[in-house]
Amino acid sequence: MSAEMNLKIKIWRQKNSKTSGSFETYPVVANEHMSFLEMLDVLNEDLISQKKEPIVFEHDCREGICGACSLVINGQPHGPNSGTTTCQLHMRFFKDGDIIVVEPYRASAFPVLKDVAVDRSAFDRIMQAGGYISVNAGQAPDGNAIPIEKGRAGQSFEAAACIGCGACVAACPNGSAMLFTSAKIAHLGHLPQGVVEADKRAQAMVAQMDKEGFGMCSNVGACEAECPKEIKLENIAFMNRSYLKAVFSGEEV
Amino acid sequence: MANPCFTQIHPTCIPVSGEYQSKLTLMSESLRNDGRVWVPKKKEDAQAIQQGKLKGVNIKEEDRDYNLERRYPAFGNLVPRDVASRAAKVECDKGHGVSPTGLAVFLDFSDAILRYGKIEANKKGLTNLSNEQIIALGEEVVSAKYGNLFEMYEKITGENPYKEPMKIYPAVHYTMGGVWVDYNLETNVPGLFALGECNFSDHGANRLGASALMQGLADGYFVIPYTIGTFLANEISTPKIKNDLPEFLEAEKATKVLIDKLLNTKGNQSVESFHRRLGKIMWEYCGMARNEAGLIKGRQMIRELRAEFYNDVFVPGSNDEFNPELEKAIRVADLLEHGELMMVDALNRNESCGGHFREESVTEDGEAMRKDSEYAYVAAWEWNETEPILHKEPLIFENVELKTRSYK
């Protein structure tokens, strides 16, 4: 029923952020129904049975909504399928006998913690800089009491689908976090509750993004292509407009 | 820990396909709004499907048993989760399951697609449409409602749920019990407040969709802002607590001892293997239907597993680096106690109530039977290695009276 697959996993091993790492190759017997992470679980159980250290990789919900999983698989963040996180990538998209190369996200703002796990706390700090609404919203209003045009609500909703996984940074030759930051700015900035602080938010989040050492956007578009939640480049345009407007309005951050 | 036995088993999950599965992903319950649950009437058909010789779409309408609609005509496919889950188990135990393991039922959208297609056609004033065109219209509507879920199902299973019925089976989803708190959300440790899913306070013996989110919001917005002040007001003059107090040192030492023990056991079995074995014991003896003999046996098995864990676990690495295996070992050590406590609570509660179904406590037609005169209390347990201690907190209903709802 389920076809067995003999694979070789060429994966990055690195003790911590201070040491340098290298690739190691391990054989693994998988089957086509496994998810990519389940295949790594099987490999880890095998390593543990040999009293070797298992590969450290990040994961949590395993249904594509938490943003914890990462990995660059055969050169692509979250692997070959579009609109798919690593945890939702199933082995039937690989072939028996394949050599699969697995790396951590490579970006100076995402230092390697161990093996293929990286420190993405820079994203948390960008969020802390302005990714919130600080007005007291009071009692929940009645449904439809605040009219929001359907198109705008849709734009906000689509931006809110960002799970903050960092694939955009890993895909970008400049290591830019513009797609992530712009998704957060657009998510809040398209809604009436978020408009109040829009100027302040755009300036603060962009400033923090630069401070963390992320690169600039040069319209390559790799982020959009690799984003597992298919966040659109238009968000970056929205962010740039919000930022420019905020700068020219002279409002202080 | 209060009411640990109340476990919500979710009827709409991806069925088991292998030992390596990290979870049985939950498909949203909203699917039962439009999907119809069924199994083949004939055992031969079920077996052929299990062996991959037949598909659900090949089974004729008259050979299908829409078991929820048959058993619960008033609520049909919308019966509560515990009822729907047990109904699936009943059919699969009788040999009518539809996955290779025999543990799955169909959730079928073909009627909904046809129905929505006709509505759309009427709306647009289109007559003379072919069946395919109607289905295409219907699929658009279903896609707008459940597109993301259908996509998720297809990603995991490789099957297209627009064309073939989904296969689902119940899996554990939520524990209604949790840390005991008072009405101010303060635990029995003064100053330690527990909010949201981790406490036991809001759900009782069962839980409705999205109510975990509700609990987080209710506890965070409406309760804690008004209750924590009462505690803090008395502490305003307390200086910053230092970390060289005897209580702190004792707790720190206990944690270090546990970590050293786990790292130095250097046995032969992985943490994961213990976690999986524990899960299987829980599912077998403390799952959808529980009985006294099974719970006693299950509890004993967990105690033996716990002893084996501390004698033979292998935790790689050290405690001065990023070590997720060590973290997991500490969690599994906790779960080995928590699992036993669930068994103890389930054994104590000899009634069927919400997410707890005791085979000894059923009505004549096999439905859950509560025993309010004996068990209308919160069971708060104090952990003890040999025998956990039960503290009863009676449930007093002032404005409503206890009733049993019928879904027939």
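Student: What makes the set around Cys168(A), Val169(A), Ala177(A), Leu179(A) and Met239(A) the largest nonpolar core?

Tutor: This set has 63 residues, and those five have the most contacts inside it. A nonpolar core is a set of buried Ala, Val, Leu, Ile, Met, Phe, Trp, Tyr and Cys residues joined through C-beta atoms within 7 Å. Buried means that 20 or more other C-beta atoms lie within 10 Å of a residue's own, exposed 12 or fewer, and partly exposed in between, with C-beta atoms placed from the backbone. The model is predicted: local features need pLDDT of at least 70 and side-chain atom pairs 80 or more, while totals for chains, interfaces and linings use all residues. Residues are numbered from 1 along each chain as its sequence is written, and chains are lettered from A and ligands numbered from 1 in the order written.

Student: Why is this core said to lie between domain 1 (4-113) and domain 2 (121-249) of chain A?

Tutor: Both domains give residues to the core, so it lies between them; the domain bounds come from an automatic or database domain assignment.

Student: Which residues does Val169(A) contact, leaving aside neighbours within four places in sequence?

Tutor: Its partners include Tyr105(A), Ala107(A), Phe110(A) and Phe214(A), where contact means C-beta atoms, placed from the backbone, within 7 Å.

Student: Why does Ile396(B) count as exposed or buried?

Tutor: Ile396(B) has 7 C-beta neighbours inside 10 Å, and the limit for exposed is 12 or fewer, so Ile396(B) counts as exposed.

Student: How many residues does each chain bring to the contact between chain A and chain B?

Tutor: Chain B brings 22 residues and chain A 23 residues.

Definitions and conventions: Contact = placed C-beta atoms within 7 Å.
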